[in-house]
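A learner and a teacher go through a protein model, feature by feature. Each answer begins with the general idea and then turns to the case at hand.

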Amino acid sequence: MSDMRVPVIVDRVPSTPPTASCRAAVPAAATTVAAVRTALPPYRYAQEELTEAIGDLCLPPGADRALLRRLHASAGVRTRHLALPIERYAALGDFGQCNDAWMAAGLELGEEALTRALKEAGLAPADVDLLVCASITGVAAPSLDARLAGRMGMRPDVKRLPVFGLGCVAGAAGLARVHDYLRGHPDDTAVLLTVELCSLTLQRRDDSRAHLVAGALFGDGAAALVARGDRGGGNRSGGEALRTAGPSVVATRSHLYPDTERLLGWVVGAGGFRVVIDAGVPDVVRDHFGRHVRAFLAEYGLTADDIGTWVCHPGGPRVLSAVADALGLRGDALDSAWSSLATAGNMSSVSVLHILQTIREARRPDPGTWGVLLAMGPGFCSELVLLRW
């Protein structure tokens with residue numbers, strides 16, 4: 001990017017936490033995460049396999065590859081999954097062909113993730129009352145959720161909410177908005193589906209640093225999360241739905257950072273989505289994010305030391321280090337995020353759900369453990385979800 005200046009941000013978060021007398025009482029949980037499952041494409045590659053192939057695709061013939069190789073080596077990524085075999089990308093001639101590939105692969109992965117998550121929750125497609133579907137790597141009307149609803153046998157009266165534009169923050173923001181819905185519909189079941197096929201946004205002959213960074217970091221995948229209101233228990237398909245040990249959503253918080261619109265996003269042109277990643281993103285996180293998180297936690301009488309599980313979007317090594325610095329976290333607090341980045345890359349909105357699944361499977365926290373699920377995305381914005389197991 002030619003303009004790497006970090007904007008001056010007017011911080012509207014109080015510099016000191018509220019006193020005990022003005023702290024909000026911890027609300028009763030209205031949402032339980034009943035299941036979360038990830039679906040990854042079958043085409044898995046080691047990072048070093050992709051370096052030269054992406055160079056062939058993105059760099060002009062004869063270009064120096066030193067920067068490309070350095071970025072790939074320092075990205076913290078060991079393996080990634082791609083929507084297509086790597087040799088097929090050169091044949092995708094324009095945005096229409098890339099978008100068609102996004103639609104075909106997205107439907108397959110979305111159905112796989114939804115099927116697995118509903119099975120884990122002991123539910124059928126007909127039990128879904130709300131389907132929220134987020135993706136920033138392709139566009140369609142009818143949207144993915146509409147096509148999947150009919151394909152999978154959801155009820156004709158299922159509520160749908162397709163979301164575009166949130167990017168990496170959509171996994172956290174989607175869970176927060178599902179929670180908002182279930183507070184008003186406590187008998188319902190809501191599903192969040194995220195589908196991100198980042199490899200299909202690669203631009204031919206784009207050797208900008210932002211594009212090379214994206215080509216080193218991003219992977220493909222889909223994830224589905226099933227959430228139930230606090231009165232949800234049965235199901236329309238017969239039998240009793242499974243109840244899990246959590247986590248439950250306790251509270252959420254959204255934050256837009258003023259004058260930061262140019263830090264992250266897309267420039268949309270004839271070739272499709274051209275990535276914008278400003279070098280100032282980690283500085284904004286390091287300078288401001290910790291204050292916002294601490295103020296949020298203080299409203300519920302908590303500090304960062306009270307949080308036993310951090311579910312952090314793996315934006316990249318510099319962003320993860322900035323989050324740890326901003327919050328003063330111990331060395332292993334973000335291990336789950338580093339592990340997800342290493343094994344699957346940054347999968348945009350899918351990543352926090354991938355991490356949440358791993359935590360639930362590998363080391364389910366003890367009952368009563370506090371957690372924070374967090375992500376950042378275009379806007380520039382952040383989303384926080386306070387969890388309790």
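The dialogue below covers salt bridges, buried charges, cysteines, empty space and backbone geometry in this predicted model.

Q: Where do I begin with charged residues, and how many salt bridges does the structure hold?
A: Side chains of opposite charge can pair when their charged atoms come close. The structure holds 18 salt bridges.

Q: Which residue forms a salt bridge with E361?
A: The partner is R37, and the closest N and O atoms of the two are 2.3 Å apart. This pair links distant parts of the chain: E361 sits in helix α10 (residues 351-362) and R37 in strand β1 (residues 31-39), 324 residues apart. R37 has a relative accessible area of 22%, so it counts as partly exposed. Both residues also belong to a network of salt bridges that links R37, E120, R360 and E361.

Q: What does a salt bridge within one helix look like here, as with D180 and R177?
A: D180 and R177 both lie in helix α5 (residues 170-184), three residues apart, which is about one turn of the helix. Their side chains meet in a salt bridge of 2.8 Å, N to O. Both ends are partly exposed, D180 at 36% relative accessibility and R177 at 35%.

Q: Is R155, which pairs with D157, buried or exposed?
A: R155 counts as buried because its relative accessibility is 17%, and the cut-off is under 20%. Its side chain meets that of D157 in a salt bridge of 2.8 Å, N to O.

Q: How do I read a buried charge that has no salt bridge, and what is the nearest side chain of opposite charge to R228?
A: Look for the nearest opposite charge, then for polar contacts. R228 is found in strand β7 (residues 220-229). For R228, which is buried, the nearest side chain of opposite charge is D129, 6.0 Å away. That distance is beyond the 4 Å cut-off for a salt bridge, so R228 has none. The side chain of R228 does make a polar contact of 2.7 Å with the side chain of T189.

Q: What is the case for D220?
A: D220 also lies in strand β7. It is buried and has no salt bridge, with R80, the nearest side chain of opposite charge, 7.7 Å away. A polar contact of 2.5 Å joins the side chain of D220 to that of S199.

Q: How many disulfides does the structure hold?
A: A disulfide is a covalent bond between the sulfur atoms of two cysteines. The structure holds zero of them. Take C168: the nearest cysteine sulfur belongs to C198 and is 7.1 Å away. The cut-off is 2.5 Å, so C168 is in no disulfide. C168 counts as buried at 11% relative accessibility, and C98 is buried at 8%.

Q: How do I read empty space, and how many cavities of 30 Å³ or more does a search of the whole structure find?
A: Rolling a probe the size of a water molecule over the atoms shows where empty space is left. The search finds one cavity of 30 Å³ or more. The largest cavity holds about 310 Å³ of space. It is lined by 27 residues, and the closest to its centre are C198, T201, F218, W266 and V275. The largest share of the lining, five residues, comes from β10.

Q: What is the volume of the largest pocket, and which element gives the most to its lining?
A: The largest pocket has a volume of about 610 Å³. Of its 26 lining residues, the closest to the centre are V213, L217, I277, G315 and R318. α6 gives the most to the lining, with five residues.

Q: What should I check in the backbone?
A: Most residues other than glycine have a negative phi, and most peptide bonds are trans. Here the peptide bond from A141 to P142 is cis, with omega near 5°, and P142 lies in the loop between β4 (130-134) and α4 (144-152). The bond from G379 to F380 is cis too, with omega near -15°. F380 is in the loop between β12 (370-377) and β13 (381-388).

Q: What is the phi of R205, and what is that of S348?
A: R205 has a positive phi of about 55°, and S348 has a positive phi of about 55°. R205 is partly exposed at 45% relative accessibility, whereas S348 is buried at 3%.

Methods
Residues numbered from 1 in each chain as written. Predicted model: local features only at pLDDT ≥ 70, side-chain atom pairs only at ≥ 80, totals over all residues. Heavy atoms only, no water. Buried < 20%, exposed > 50% of the residue type's maximum accessible area, 1.4 Å probe, protein only. Helix = DSSP H or I, 4+ residues; strand = E, 2+ residues; numbered from the N terminus. Lys, Arg positive; Asp, Glu negative; His and termini not counted. Polar contact = N/O pair within 3.5 Å; in protein donor to acceptor, adjacent residues only side chain to side chain. 1 Å grid on protein atoms, 1.4 Å probe; cavity = no way out; pocket = protein on both sides within 12 Å on 5 of 7 lines; lining within 4 Å. Points joined across faces, edges and corners; volume = space filled by probe spheres on them.
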